[in-house]
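Student: I have a structure open in front of me and would like to learn how to read its features one at a time. Could we begin with charged side chains?
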Amino acid sequence: MAVLLLGCSLGASASASSYERELPAALSSDPDMCRWVDCAGVIPGANSFSVRKGQPPYVEAYQASGQARQLKGYVFLSTDIVDTAGYSGKPIVTLIGMDTHGRITGVRVLKHSEPILLVGIPESKLLAYLHQYVGRLAGSKFEIGKSGTDGQGMDAISGATVTVIAENQLIARCVYEVARQVGIIKAQERPQAKFVNGASPRSWADLLADGSVQHFQLQQADIGTSGSGPYLDLYFGYLNAPVIGRSILGEEGYQHLIQSLKPNEHALFVVANGTGSFKGSGFVRGGLYDRIQVRQDLDAFTFRDTDYLNLYSIRAAGAPDFHESGIFILRSKSFSAAYPWQFTFLANKEDQETGSKTFAAFATNYWLPASMLIGGRPTVVLPEPVWHKIWREKGWEVVLFGGWIALVLGFFISRDVWVRKARRQDKRWVSWPKTASWLFAIGFVGFGEMAQPSITQVMTFFHSLMAGWSWSLFLSDPFIFLFWCIIIPSTLLWGRGVFCGWMCPFGSLSELLYKLAGTIGLASLQRKLPAHWHHKLRWLKYVIFFVLLLVSFFSMSQAEKLAEVEPFKTTFLVGVWNRSWPFVLFWGVLISLSLLIERPFCKYLCPLGAGLALPSWLSFLKLRRKPECTSCHACAVGCGSQAIDPQGRIDSKECLQCLDCMVMYYDAHSCPPLSQERKRRLKAGQPLTAIDGGGHFIPIKPVAVAPGVATQPGKTS
């Protein structure tokens, strides 16, 4: 087992060169960025590069020949500009080149933490996807999967939808911001706001209640530090609006501010408490406030020392004291307070796992109340979150998937009805629903939507609880999200068997292969492991589960590599022929064993199954047992998951809910205690009554019979 895990881990490392690659720490801070990365690789013809310039930073690329230099374009690092995260919740570090006309000349992923790109997607597919951006113009809309009228459609990478959308947004935002900064794209002017001239100032509580002042809080854990109290407890608002300006500054202070502002200048106030600072240290070194930024659509606005005014006090009644404050002047025709915008705090987030720091942006939305704008708020189409787009485009598939889940759950809610209908010689009331669910899980869910739940999602869940919960991360894959919405409650109700036995794509494939092998002549070779071996080997999956969970707290990337003990990617996401030999060998061994042993991976190796088995002992709706089950082993003989012990108890941690034992439980012919009772009643000429929930014939009540009236024994059931 250890050899297989090591082989998979080595194979993973070899096949995904940019996965969790070690990047020089100086790459994100050294002004001479191109000392640490191959800038020439993303802008052909360039052989000389400047130091970082501007805000956000970029590098000028030149073609030098002797004393002459020709500007070829610009090179920039995505993490200097945006912090767009992929499915892993971590940024995709990307190097981008752009010529002087705004055309993209090259894109290269330097580092990512995407599990699907760990070994799931060959590096060649990632390179082919990124090559589609070469020649595209900054400012264009790059639509994933659509050609559109502007010809900007992009072919996605199958099975990596979330990663592709994140990378698409990252590239579009980066090239736009640099192109606008160097003058290739002109900022679009927006209609300026016209304010209602409110006279009476408002209290601090009133300003907070209607959104005139927004509150933003950043915890220590959000940026990877430790300490007591919030890192930043910040409030901000827009002072040009008369009601807000008079409330915060007082009448005299507001009039003084408005008279000092020129056309298309906007004043914002910012106040904060906490262990951190929103001013940062950039303004001391170079006159730049490098920690705060205002964003409106794709435009980003930063502040210099000349844009700063002191704010000595807040006049609004009920305002708390703050240890840090200031007024910032935004000077731009393209900014309009009539439209929504974002206040963004920029921070260096420390990765506790590697000790490295990455750029992170924490944004809070702001939009003036409609009551403060003449004519109210304009109609605005707000940007659609990534997960909204994914759910919308997968609409009918989500409905179909939800229907399947509803049918399976409906069957289990009413399972007593179906197992009572089934018999030893006619199990179609249970076998056909099972088979139909397996086929759907394999075909539509597994191979079609590649929605195989994995132990990596369990590890991600544990880490998200500690590092900050992100709904958008878990909503980004609708099928996995819906799966877990069902897996958790169904495990607590019935145990792991509803998912593992009926809905897991790989488990369904393994079970179906075993059934098919039995029908084509391999039944004589099919075996169960001896009980003593089974009871020892079943603990192996728990060992694997806890090892993976423990490793993930030290190195999530290494845990994801070791999680390749799950053959799910090889089966559904990538395909056997796209994997290196360790994965193919491991997969081949498991599939071969599945023909001869019922669900060997599920019973002995699956870390996801182990994770679900642990809460299964709390399940409320356990399978029924009779007192006679302690001595009768008929159900145990036919139990494929070997979950029934010698005392007749069903281990809910191991039970895969095949329901064969429940069919026997109500069958008066195949259940030994019931069969004996049936024969006794027939011999005594007693009628056969219905079978109660305890698995016994309903007791016969004495009935008064008129003298001379004969009785007939009931017919067999």
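Tutor: A salt bridge is counted when a side-chain nitrogen of Lys or Arg lies within 4 Å of a carboxyl oxygen of Asp or Glu. The idea behind this is that side chains of opposite charge can pair when their charged atoms come close. In this model, which is predicted, the side chains of Arg 538 and Asp 651 form such a pair, with an N to O distance of 3.4 Å. Arg 538 sits in the loop between α17 (531–537) and α18 (540–554), while Asp 651 sits in the loop between α24 and α25, so this salt bridge ties together parts that are 113 residues apart in sequence. With a relative accessible area of 15%, Arg 538 is buried.

Student: How many salt bridges does a search of the whole structure find?

Tutor: The search finds 26 salt bridges. One of them pairs the side chains of Lys 434 and Asp 660 at 3.7 Å, N to O. Because Lys 434 belongs to helix α11 (residues 428–448) and Asp 660 to helix α25 (residues 660–665), this pair ties together parts that are 226 residues apart in sequence. Lys 434 is buried, at 8% relative accessible area, whereas Asp 660 counts as partly exposed, at 24%.

Student: Which helix holds both Glu 677 and Arg 680?

Tutor: The general idea is that an α-helix has 3.6 residues a turn, so residues three or four places apart point the same way. Here Glu 677 and Arg 680 both lie in helix α26 (residues 672–684), three residues apart, which is about one turn of the helix. Their side chains meet in a salt bridge of 2.8 Å, N to O. Glu 677 is partly exposed, with a relative accessible area of 22%, and Arg 680 also counts as partly exposed, at 41%. Elsewhere, salt bridges that share partners join Arg 180, Arg 190, Asp 297 and Asp 299 into one network.

Student: Let us turn to the cysteines. Which of them are joined by a disulfide?

Tutor: The test is whether two cysteine sulfur atoms lie within 2.5 Å of each other, and by that rule the count comes to one disulfide. The bond joins Cys 34 to Cys 39, with 2.1 Å from S to S. The torsion about this S-S bond is about -90°, so the disulfide is left-handed. Both Cys 34 and Cys 39 are buried. Cys 606, by contrast, is in no disulfide, and the nearest cysteine sulfur, that of Cys 602, is 6.2 Å away.

Student: Why does Cys 632 form no bond with the closest cysteine sulfur?

Tutor: The closest cysteine sulfur is in Cys 671, and at 6.0 Å from the sulfur of Cys 632 it is too far for a bond. Cys 632 is partly exposed, with a relative accessible area of 23%, whereas Cys 606 counts as buried, at 8%.

Student: Next, I would like to read burial. Is Thr 570 buried or exposed?

Tutor: A residue counts as buried when its relative accessible area is under 20%; Thr 570, at 2%, is buried. Thr 570 lies in helix α20 (residues 568–573), and, leaving aside residues up to four places away in sequence, it touches Gly 575, Val 576, Arg 579, Phe 583 and Trp 587. A whole helix can be read in a similar way: α23 is mostly covered, with eight of its ten residues buried. Across the protein, 51% of the 717 residues count as buried.

Student: Where is Leu 618 placed, and which residues make the nonpolar surface patch?

Tutor: Leu 618 is in the loop between α23 (607–616) and α24 (634–638), and it is partly exposed, with a relative accessible area of 44%. The patch, of about 700 Å², is made by Ile 488, Leu 492, Leu 493, Trp 617, Leu 618, Phe 620 and Leu 621.

Student: Finally, where does pLDDT stay under 50?

Tutor: Where pLDDT is low, the predicted coordinates should not be read in detail. Stretches under 50 include residues 1–16 and residues 146–151. For the protein, the mean pLDDT is 84, and 86% of the residues reach 70 or more.

Note on methods:
Residues are numbered from 1 along each chain as its sequence is written. This is a predicted model: local features need pLDDT of at least 70, side-chain atom pairs count only at pLDDT 80 or more; totals for chains, interfaces and linings use all residues. Side-chain values use heavy atoms; hydrogens and water are left out. Patches are made of residues with over 30% relative accessible area and no salt bridge: like charges are joined within 9 Å, nonpolar side chains (Val, Leu, Ile, Met, Phe, Trp, Tyr) within 5 Å. Accessible areas come from the Shrake-Rupley method with a 1.4 Å probe; for residues, only the protein chains shown count as cover. Helices (H or I, at least four residues) and strands (E, at least two) are DSSP runs, numbered from the N terminus. Buried means under 20% relative accessible area, exposed over 50%, partly exposed in between (1.4 Å probe, protein chains only). pLDDT is the predictor's confidence in each residue, from 0 to 100. Contact means heavy atoms within 4.5 Å.
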